[in-house]
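Me: I have a structure open and would like to understand the labels people put on its parts. Could you go through the reasoning with me?

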Amino acid sequence: MAKGGRFPLLYWTSILMLALMLVFTGWYFYQNRDAVCRNSISDDLARTQLQRYWQKGRIIALMSSADDGKPVAAGLARVLPEDYDLLVADADVESVFGRPPQILPWLNACDMSLLERISRLGQGNKLLLLPRGCLDNLAGGGRKPGLVLFLLQGEGGQMPKMLACARPGDWPGE
């Protein structure tokens, strides 16, 4: 082939395309590195959507009773109005949320039927303090302390869907 023909152009174009594909693939996996928490409340769009559903009384927040609830209580007070029910597995849980908890012993049975039971709780925002290790089971393990998962209640008894989450540093105003 003659010098300066089409082969070098195709060669370098292919190398450039491969490099761009690798960069975009890396960026995609970096952005989606946490399969449990794709929409953080630190993102304005996710927080606005969460607040809209919160006003409609359709949010179920899950957190571990083993985690420190003070930052969550403060974050909820700043970001979301305080119209929610606090649900716990047993009376031994100390409440920093400034409200008496409703005790639901079935929260101790942390298995896949838990989401089905949660879907039958009815309308209104709820914060569920799950027993130690339960949120790890539901979130697939590897959960960092202080994670709060916000589920959108399904309509007509449908299963709740993951809407957003908050890690300790995600609460606006901290």
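Me: How many salt bridges are counted here?
Reply: Happy to help! This is a predicted model, and the count comes to 4 salt bridges. One of them joins the side chains of Glu155 and Arg58.

Me: Why is the contact between Glu155 and Arg58 called a salt bridge?
Reply: The N to O distance is 3.3 Å. The cut-off is 4 Å between a side-chain nitrogen of Lys or Arg and a carboxyl oxygen of Asp or Glu, so the pair qualifies. In general, side chains of opposite charge can pair when their charged atoms come close.

Me: What makes Glu155 and Arg58 a link between distant parts of the chain?
Reply: Glu155 is in the loop between E5 and E6, while Arg58 is in the loop between helix H2 (44-55) and strand E1 (59-64). The two are 97 residues apart.

Me: Is Glu155 buried or exposed, and how do you know?
Reply: Its relative accessible area is 51%. Exposed means over 50%, so Glu155 is exposed. Arg58 has 13%, which is under 20%, so Arg58 counts as buried.

Me: What makes Glu116 and Arg120 a salt bridge?
Reply: Their side chains meet at 2.9 Å, N to O. That is within 4 Å, so the label fits. Glu116 has 41% relative accessibility and counts as partly exposed, whereas Arg120 has 58% and counts as exposed.

Me: How do you know that Arg167 and Asp170 form a salt bridge?
Reply: The closest N and O atoms of Arg167 and Asp170 are 3.5 Å apart. The limit is 4 Å, so this pair passes too. Arg167 counts as partly exposed at 25%, and Asp170 counts as buried at 13%.

Me: Why is the pair of Tyr11 and Trp12 called edge-to-face?
Reply: The count of aromatic pairs comes to 2. In the pair of Tyr11 and Trp12, the ring centres are 5.0 Å apart and the planes stand at 80 degrees. Centres must lie within 6.5 Å, and planes over 60 degrees apart count as edge-to-face, so both tests are met.

Me: Where does Tyr11 lie, and what else are Tyr11 and Trp12 part of?
Reply: Tyr11 lies in helix H1 (residues 6-31). Phe7, Tyr11, Trp12 and Ile15 make a nonpolar surface patch of about 470 Å². Tyr11 is partly exposed at 41%, and Trp12 is exposed at 56%. A patch residue needs over 30%, so both values fit.

Me: How do you know that Arg99 lies over the face of Tyr84?
Reply: Arg99 is 3.9 Å from the ring centre of Tyr84, and the distance limit is 6 Å. The charged end of Arg52 likewise sits over the ring of Tyr53, 5.0 Å from its centre.

Me: Why is Gln153 called buried?
Reply: Gln153 has a relative accessible area of 6%, which is under 20%, so the word buried applies. Gln153 is found in the loop between strand E5 (148-152) and strand E6 (161-166). A polar atom of the Gln153 side chain lies 3.2 Å from the backbone oxygen of Gly122.

Me: What does the whole chain look like?
Reply: The protein chain has 5 helices and 6 strands. From the N terminus on, the elements run α-α-β-α-β-β-α-β-α-β-β. Buried residues make up 36% of the 174 residues.

Methods:
Residues numbered from 1 in each chain as written. Predicted model: local features only at pLDDT ≥ 70, side-chain atom pairs only at ≥ 80, totals over all residues. Heavy atoms only, no water. Patch = residues over 30% accessible without salt bridge, like charges linked within 9 Å, V, L, I, M, F, W, Y side chains within 5 Å. Areas by Shrake-Rupley, 256 points an atom, 1.4 Å probe, with all protein chains shown as cover. Helix = DSSP H or I, 4+ residues; strand = E, 2+ residues; numbered from the N terminus. Buried < 20%, exposed > 50% of the residue type's maximum accessible area, 1.4 Å probe, protein only. Phe/Tyr/Trp six-rings, centres within 6.5 Å; stacked < 30°, edge-to-face > 60°. Lys NZ or Arg CZ within 6 Å of the ring centre and 35° of its normal. Polar contact = N/O pair within 3.5 Å; in protein donor to acceptor, adjacent residues only side chain to side chain.
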